[in-house]
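Visitor: Hello! I have a new structure to look at, and I would like to learn how to read it.

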Amino acid sequence: ACVCWGPSGIPRRIRACPCSSAVEALQAMLLRGGSEDVVQRMELEGGWQLLRTSAGHEEGVARLASAMAKFAGPRLPLVMAALVGTQGSTYEIQRVTSTGFLAELLNSNVVNDLTLLESLLDNLVARQKDPCASVRRLVLRGLANIASGSPDKVQAHGPQLLTAVLSGLDDRDDPHNLVALEAMVGLPRLLDLME
């Protein structure tokens, strides 16, 4: 707990919020690194607030990835390299966060410009057997995002994408069937672009 001053000037104890501290640190790092546009876009879209909550975390991560793809493309290879390192983490939240970020990058064509598509695909496909259902669901979302970010590449990677999505339809380790639902949403997006 830390101490802050109340409206009447009387000190009061408050609990520190690790999520808020992490979000503030990320904002400061982006500002110092010259990514003011990313910080502003996140503010406008409510991304910072989403990152502070467990219910909005995945959406906040997706908005951050989208903003970085739009305004900080040249920094993405280094960010991606750092996130790939957390894909094998024992902490589920780190795997969910990094997978969500990488999956959203595939929604942007910047991955083609930076020649990141192949490594992103390989990384996501390797996470298909993750013990966490949220990670498996985000993998399928990312693979389907290729239809938006790199539609011209869907045909070339068709067998790999279809195998992954069809495997997701048969996911029996998700008690809420959210992985299968994500596969059903992604399948038509990919099939529309295949011969």
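Guide: We will go from the domains to a few single residues.

Guide: Keep in mind that this is a predicted model.

Visitor: Which domains does the domain assignment give?

Guide: The assignment splits the protein into domain 1 (18-74) and domain 2 (86-194). Their C-alpha centres are 22 Å apart.

Visitor: What is the area buried between domain 1 and domain 2?

Guide: The general idea comes first. An interface's size is often expressed as the accessible area lost when the parts come together. Here, about 860 Å² is buried between domain 1 and domain 2, and carbon and sulfur atoms give 72% of that area. In terms of residues, 10 from domain 1 are in contact with 14 from domain 2.

Visitor: How many salt bridges are there between domain 1 and domain 2?

Guide: The count is one salt bridge between the two domains. You can also look for polar contacts, and two residue pairs are in polar contact between domain 1 and domain 2. On the side of domain 1 that touches domain 2, the residues divide into six nonpolar, three polar and one charged.

Visitor: Which side chain meets that of Glu-58 in a salt bridge?

Guide: Look for Arg-137: its side chain and that of Glu-58 form a salt bridge, at 2.8 Å from N to O.

Visitor: Now for single residues. Is Ser-98 buried or exposed?

Guide: Ser-98 counts as buried because its relative accessible area is 0%, and buried means under 20%. You will find Ser-98 in helix α6, which covers residues 92-105. Leaving aside residues up to four places away in sequence, Ser-98 touches Leu-83, Thr-86 and Gln-87.

Visitor: Where does Pro-151 lie?

Guide: Pro-151 is in the loop between α9 (133-149) and α10 (158-169). With a relative accessible area of 38%, Pro-151 is partly exposed. Not counting residues up to four places away in sequence, Pro-151 touches Ile-146 and Leu-193. Try finding Asn-107 as well: Pro-151 and Asn-107 are 44 residues apart in sequence, with 9.8 Å between their C-alpha atoms in space.

Visitor: What is the phi of Asn-177?

Guide: Again, the general idea first. Most residues other than glycine have a negative phi. In this model, Asn-177 has a positive phi, near 60°, and is a residue other than glycine. Asn-177 sits in the loop between α10 and α11 (178-191). Asn-177 is partly exposed, with a relative accessible area of 45%.

Technical notes: Residues are numbered from 1 along each chain as its sequence is written. This is a predicted model: local features need pLDDT of at least 70, side-chain atom pairs count only at pLDDT 80 or more; totals for chains, interfaces and linings use all residues. Side-chain values use heavy atoms; hydrogens and water are left out. Domain bounds come from an automatic or database domain assignment. Contact means heavy atoms within 4.5 Å. Buried area is the accessible area (1.4 Å probe) that two parts lose on being put together, summed over both. A salt bridge is a side-chain nitrogen of Lys or Arg within 4 Å of a carboxyl oxygen of Asp or Glu. A polar contact is a pair of N or O atoms within 3.5 Å; within protein, one must be able to donate a hydrogen and the other to accept it, and residues adjacent in sequence count only if both atoms are side-chain atoms. Ala, Val, Leu, Ile, Met, Phe, Trp, Tyr, Cys and Pro count as nonpolar, Asp, Glu, Lys and Arg as charged, and the others, Gly among them, as polar. Helices (H or I, at least four residues) and strands (E, at least two) are DSSP runs, numbered from the N terminus. Buried means under 20% relative accessible area, exposed over 50%, partly exposed in between (1.4 Å probe, protein chains only).
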